[in-house]
Each structure stands twice: as C-alpha cells, then as structure tokens.
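Dear colleague,

I am passing on the structure we spoke of, and below it you will find my notes on what turned up when I went through it. Please read them with the coordinates open beside you.

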Amino acid sequence: MKKILSIIMSVVFAVGVFVSVPVTITANAASQSDLTFKLNSDGKSYSVTDCKDDATGAITIPSTYKNKPVTKVGAGAFQFCFNLTSIKIPNTVTHIGESAFSQIHSVKSITIPDSVKVIGESSFSNNNSITSIKIGKGLSTIPKFAFRNNYNLKSVTIPGNVKTIGLGAFADCGNVTVVNIKNGITEIGELAFYMNINVETLILPEGLKTIGNQAFYGLNSLKICVVPSTVTSIGERAIGYQSSSTQITGFKIYSKKGSVAEKYAKNNNFLFAETSKLTLKVPEVKVSNTKQGIKVEWNKISNAQSYIVYRSTYNTKTKKWSDWSAVKTYVSSNQYTDKNVGLGTKYLYTVRAVNSGVLSGYKSSKSISYNVTPTVSYKNVSNGVSVSWGTVPNATGYVVYRSKYNTKTKKWSGWSNLNTAKSNKSSWIDKNAKSGAIYKYTVRALNGSFKSKYNKNTKEILYLKTPTVKSANSTTGVKVSWNKITGAKNYDVYRKIIDDLGINSTKWVKITTVSASKDYFVDKNVKNGYEYAYTVKATGKTAKGSYKSDYKSSSTLIYLSAPEVAVSTEDNGIKVCWDINECAGKGYKVYRAVYNTETEKWSSWEVINDITKAEICEYLDQSVEEGITYRYTVKARSGKYASSYKSSEGITASLKAEEPTVPEETVTNVVEQ
C-alpha cells in the first residue's frame with residue numbers, strides 16, 4: 001500500500017502539485033506492535049522500517065528492541081500513517097531515511113532529537129497539520145525537500161549547527177510568518193523557502209555566503225530583507241520576486257555599501273539602503289499574564305517602522321536560559337500577546353525596533369512565569385453539578401475546589417479540594433452535591449509542583465436534584481408525577497409531542513408551573529391518539545439569582561381517552577357497551593368486579609375479555625350468576641399503551657329461566673299405551 005501511494009505521490013510531486021489522497025482507515029490504538037524492525041548491517045542495532053497504516057493515536061519509537069538500540073528510521077517507515085496524532089523519536093536515533101515521516105496528516109508537532117545526524121530527502125514533507133518543528137543540534141545539513149509543503153507550519157528556526165539548506169527544503173510552507181536563521185549557516189540552496197508567502201521580514205545571519213536561485217522566490221509579503229556583507233553570491237530572482245516577471249511592491253534590501261547585496265539590488269532595480277546609517281533607541285519592555293498568554297508591551301520608538309519580539313525560556317533541569325528566538329516579526333503596534341506559552345514555565349522577553357532593516361539594541365524584560373487563572377463555569381446536571389474550565393497550555397492536570405454557603409451563619413466555608421483531573425480533561429461532575437445546598441467552585445491548573453492562581457470570586461449555584469418523571473393516562477388527561485426535590489420552590493412542567501397521528505413532532509414547551517407543595521399535574525389539553533413525552537425541572541432561588549435543575553424525560557405515552565361504559569341485563573347475561581375509540585389499534589380489554597354481600601365489598605378488577613378490533617364496542621357477559629351484582633369497565637389499547645377507565649354502575653344479573661323439555665322417547669311411549 002505504501003509503495004503504491006509513494007509512486008503516486010512521486011509523480012504528483014514531480015509536476016509541482018500536491019494533492020491529499022483520501023484514504024479510509026479502520027482505527028486501532030497505536031503501540032509498538034504496529035512497528036516493524038530490521039537488524040542493521042552492523043548486527044548491533046535496529047531500524048524501524050514500517051508502521052501499520054491503520055495505527056491511530058500517539059506512538060513512541062522505542063529506544064531499544066531485543067536489547068539493542070534503535071538507531072535508524074527507514075525510508076517511508078511512517079509515510080501515509082494518516083491517523084497517528086504524535087510520534088516521539090528517541091535520542092538513540094541517528095539517521096532518518098527519505099520520506100520517513102511524509103504525509104502523517106494528524107501529527108501537529110515534530111521534535112528531531114539532538115542525536116540525529118542525517119535526515120533524508122522529503123523526510124518530513126507534505127504534512128497537513130504540522131504547526132511546529134524543532135530541529136535538533138546534531139544536523140549539519142537540511143537536505144532537498146526535507147520540510148516541503150508543510151502548509152500549516154507557523155515558523156521556522158534554523159539552529160546554528162546547520163550549515164547548508166538544500167533545494168526546496170522549506171518550499172510551499174504558505175503559513176510561515178517567521179523565518180529565524182541563526183548564525184552558522186553558510187549556504188541556502190535553490191528554492192529553499194519558495195512560496196512562503198506570509199513572511200514579511202527576513203534578516204539573514206552574518207557568515208552566510210551563498211543564496212541560491214529563487215531561494216526566497218514568491219515571498220509576496222516580504223518588505224524588508226537584511227543581507228550580511230559576508231554573502232558572496234546571490235542567484236537569479238533569489239529575493240524580491242513574487243513571479244518570474246513581477247517584483248514585490250515596496251521591497252527593499254539592506255546591506256553594507258559595496259556589498260554583493262547592493263549589486264543585486266541595482267541589477268534588479270530594487271531599493272537599497274545602508275544598514276550603518278540608522279540607529280534606533282532600545283525599547284523598554286514590560287510583561288504580564290493574561291488569559292490568552294503573556295502580554296509583552298514596550299514604548300514606541302521614533303523612526304521605527306516595526307518591531308521584532310524575542311523570547312528566552314528557562315530550563316529547570318539545566319538551570320540555563322535558552323538563546324533568544326524571534327516569536328513575532330513585523331509588529332506595527334507596541335504590544336504583542338505570546339499565546340504559545342506553558343503553565344509555570346519561566347520566560348524572558350525583549351524587543352528590537354526595526355527601520356529599513358536596521359535593528360536597535362535590546363534590553364531584557366523581567367522574568368515571568370506563565371500563571372493564568374482558569375476560567376470556570378458550572379451547571380446542574382442529572383447526577384450532580386458539572387464544573388467546566390478553560391484549559392491552560394502545558395498543564396499536567398487541574399484541581400477542583402468547592403466552597404459551601406451556610407444559610408444560618410450566612411458565611412462561606414473554606415475551599416476544599418474535591419478532585420484532581422488529568423490534563424486532557426476540562427470538566428468534572430460533583431456527584432456528592434446535596435440538593436438545596438448553595439455552592440461555589442474554582443479550579444487551579446497544575447504543572448508538576450506548580451499551581452496556578454484561582455478565582456476566589458466565582459458565582460454561586462443552588463444545586464437542585466433532577467426530578468424523576470412518570471406519566472400515565474387518567475380519566476381527564478395525562479397525569480404527570482415526580483419525586484419532590486429538596487430546595488425547590490416550584491416545578492416547571494414541559495411537554496413534547498412525539499407524534500400527532502404521523503403529522504408533526506415538536507420541541508419541549510413549558511405548559512405550566514406548579515408550587516413545590518405538589519408532585520403531580522394533570523395535562524387536560526391532550527388529544528386522543530397523540531404520543532407525548534413529559535419532563536419536569538425543579539426551580540429555586542437564592543439572593544443572587546434563580547436556578548433550575550437538569551431534566552430527565554419520562555417514557556413516551558399515547559393518550560387514549562377513557563371509554564364511557566353502559567350496562568344492561570339480557571336474558572342470558574349482562575351486556576356491556578362503550579364508546580368507540582378510533583385510535584384503539586389493539587382494541588379493548590373488558591374488566592369486571594363482583595360485589596360480596598357478606599363483606600359488603602367489591603372484588604378486584606379482573607380481565608374477562610380481550611377484544612382486538614377497535615370497531616367492536618360491546619360484549620355480552622354470559623358467565624354471570626342470577627342475583628349477583630357486577631360492575632364493568634373498559635380500557636382502550638394502542639400498542640403497549642392503555643387508556644384509563646371509567647366504571648359502570650353496579651348491575652344485578654336477572655336471567656330468564658329456561659322451560660324444561662320432555663325427551664322425545666318418553667312422549668312416544670305414552671302414545672303407544
């Protein structure tokens with residue numbers, strides 16, 4: 001399968017068009033059993049050569065297999081594994097083959113460990129979802145098409161250990177806005193950043209020597225490009241062109257007088273300016289926590305056209321700060337919110353002003369740990385109070401706290417720890433809440449031993465348990481009943497028409513509100529043969545507001561009107577008649593009760609006949625006895641539903657005695673004598 005798709009994609013890629021191939025895959029949980037391993041030629045290590053196409057979720061490549069290190073990822077090993085969501089590469093791997101991680105469309109980030117010395121052509125290309133890639137410190141070369149067509153990649157940082165960037169290595173990464181190339185690079189190959197259309201500012205590092213043909217071709221948003229004087233060769237249409245014949249409007253190159261960059265600008269009729277002629281003041285930087293991330297602010301600098309925001313991150317293990325890395329370029333305002341931050345992680349920020357490619361100096365902000373208070377909301381649900389919160393980047397878990405209001409002392413209790421939720425959770429249900437009690441909830445995010453701030457002034461909620469609702473046909477309509485709820489002041493009754501003789505269905509509609517002293521309501525506004533469902537919400541109040549319980553629907557019910565029953569004596573029994581119910585699809589059941597003259601009590605109702613046709617509306621009870629008093633009732637039926645009933649008046653059986661008959665043989669004998 002992978003070989004066939006690889007051939008198809010090679011043909012498509014050769015003509016410069018990328019097409020996503022739709023594939024339907026049956027999902028299985030990813031595990032080491034999805035991987036295929038091969039012993040390397042040295043006999044001392046293994047390679048991962050394949051991963052099953054239907055592997056789903058997160059997968060970690062093991063550092064050892066059969067007690068030997070895993071040092072290579074083979075060509076195409078994970079190619080077309082569309083359902084993998086993350087892949088962890090161990091620091092034992094030194095070599096990654098061609099197209100090894102191409103078209104892994106559900107993976108959002110990739111980290112290449114420092115142990116990796118070589119990656120193959122197209123090794124991380126054509127991935128729809130990848131937004132970030134961390135390149136390890138072991139690479140010296142980024143080969144041809146290595147990261148091509150990662151369209152959702154947001155930024156590219158090339159560490160100083162990389163010396164050369166190959167043909168089309170980052171081509172067609174259309175959502176990249178920041179290209180941060182560290183000092184150390186000497187050669188940028190042809191088409192290296194082809195069609196990175198959203199990059200606005202490009203500052204190339206000192207020490208760079210060669211820029212290949214069309215290396216930055218199609219960077220349509222590019223306005224500023226700073227080229228160091230160390231550059232000795234700039235290829236055709238390398239910078240400043242949005243097509244073969246169209247230059248980028250307003251594009252300007254900045255470099256030293258007499259540099260190759262100046263010559264390139266003149267040969268292509270680009271604007272040129274010397275970087276040495278401008279100086280800019282250093283911005284003063286302030287930082288603060290917000291719900292969206294860390295807000296970076298600075299004073300505006302006169303003559304500045306834009307600003308570049310840099311960040312350094314503190315490593316708690318090494319106890320060292322990382323190198324400055326640009327997180328946002330071409331900022332026209334004097335503030336920026338860094339949303340890509342982790343809870344409890346410590347950062348430094350600085351800002352450099354830019355004018356015509358000239359950068360100001362910089363001063364670091366004070367260090368700041370991202371410490372944001374999770375937003376919290378909660379509501380009554382069927383089995384308690386559901387507490388929800390906004391997730392926090394890099395949180396390893398969340399702690400839910402509760403405070404209870406004392407209605408006698410009119411004071412709130414201290415916060416009590418109720419639950420610790422995992423990092424992938426954003427809600428929890430307090431199943432121990434008591435109906436009628438008033439609560440507040442708050443949440444703190446965790447990262448290791450670090451706990452975030454929490455909101456002490458969250459809103460209160462009156463917990464009301466969800467009523468259990470039943471419905472039944474009665475003589476005057478549908479009787480809706482429920483259990484009484486502690487803390488309720490009223491009950492709102494809702495109804496939904498499931499089927500009105502096959503024509504329509506409706507949404508829940510409130511039909512009445514009854515006081516807390518009642519636990520039932522008879523809905524008289526019903527129609528024979530219609531199917532209904534009912535539910536009830538308990539309602540209550542505190543000084544802060546009104547609250548409602550959750551709701552559970554009753555079982556559905558077809559309303560059938562109770563037949564009117566009439567009885568009369570016949571010579572051979574008692575005749576029972578009733579109203580025809582056209583919706584009685586399963587007919588009727590006839591019941592009888594008998595009066596006991598000794599106890600002066602009626603017996604229980606018993607079924608004496610089951611009539612299966614709706615058009616039959618009478619029955620003759622021939623099983624009665626002379627002088628015994630009876631009464632009768634009838635229930636209409638439709639499917640599993642039955643109407644209520646109305647009893648007839650009592651009636652005493654009065655049977656006509658049959659005249660005795662003379663046997664024929666006896667009559668004949670008398671005549672003969």
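Leaving aside its neighbours within four places in sequence, which residues is F101 in contact with? In this predicted model, the contacts of F101 beyond that sequence window are I61, V73, F78, I87, I89, I96, S123, F124, S125 and N127. F101 also belongs to the largest nonpolar core, a set of 74 residues in which F78, F101 and I188 touch the most other members. At least two residues of this core come from each of β2 (35-39), β3 (46-51), β4 (55-60), β6 (68-73), β7 (84-88), β13 (155-158), β15 (178-181) and α2 (260-267). A second core, separate from that one and made up of 62 residues, includes I294, V309, Y336 and L560.

The helix α2 deserves a paragraph of its own. Its buried residues are A261, E262, Y264 and A265, and because they fall within an arc of 160° when seen down the helix axis, they line one face of α2. These buried residues pack against β20 (233-234), β21 (252-255) and β22 (271-274), whereas K263, K266 and N267, on the other side of α2, are exposed. After α2 comes N269, which has a positive phi, near 60°.

Lastly, I looked at S122, which sits in the loop between β10 (118-119) and β11 (132-134). S122 has a relative accessible area of 14%, and, since residues under 20% count as buried, S122 is buried. Not counting residues up to four places away in sequence, S122 touches S99, S102, K144, F145 and A146.

With best wishes

Technical notes. Residues are numbered from 1 along each chain as its sequence is written. This is a predicted model: local features need pLDDT of at least 70, side-chain atom pairs count only at pLDDT 80 or more; totals for chains, interfaces and linings use all residues. Side-chain values use heavy atoms; hydrogens and water are left out. A nonpolar core is a set of buried Ala, Val, Leu, Ile, Met, Phe, Trp, Tyr and Cys residues joined through side-chain atoms within 4.5 Å. Buried means under 20% relative accessible area, exposed over 50%, partly exposed in between (1.4 Å probe, protein chains only). Helices (H or I, at least four residues) and strands (E, at least two) are DSSP runs, numbered from the N terminus. Contact means heavy atoms within 4.5 Å. The arc is that of the directions from the helix axis to the C-beta atoms.
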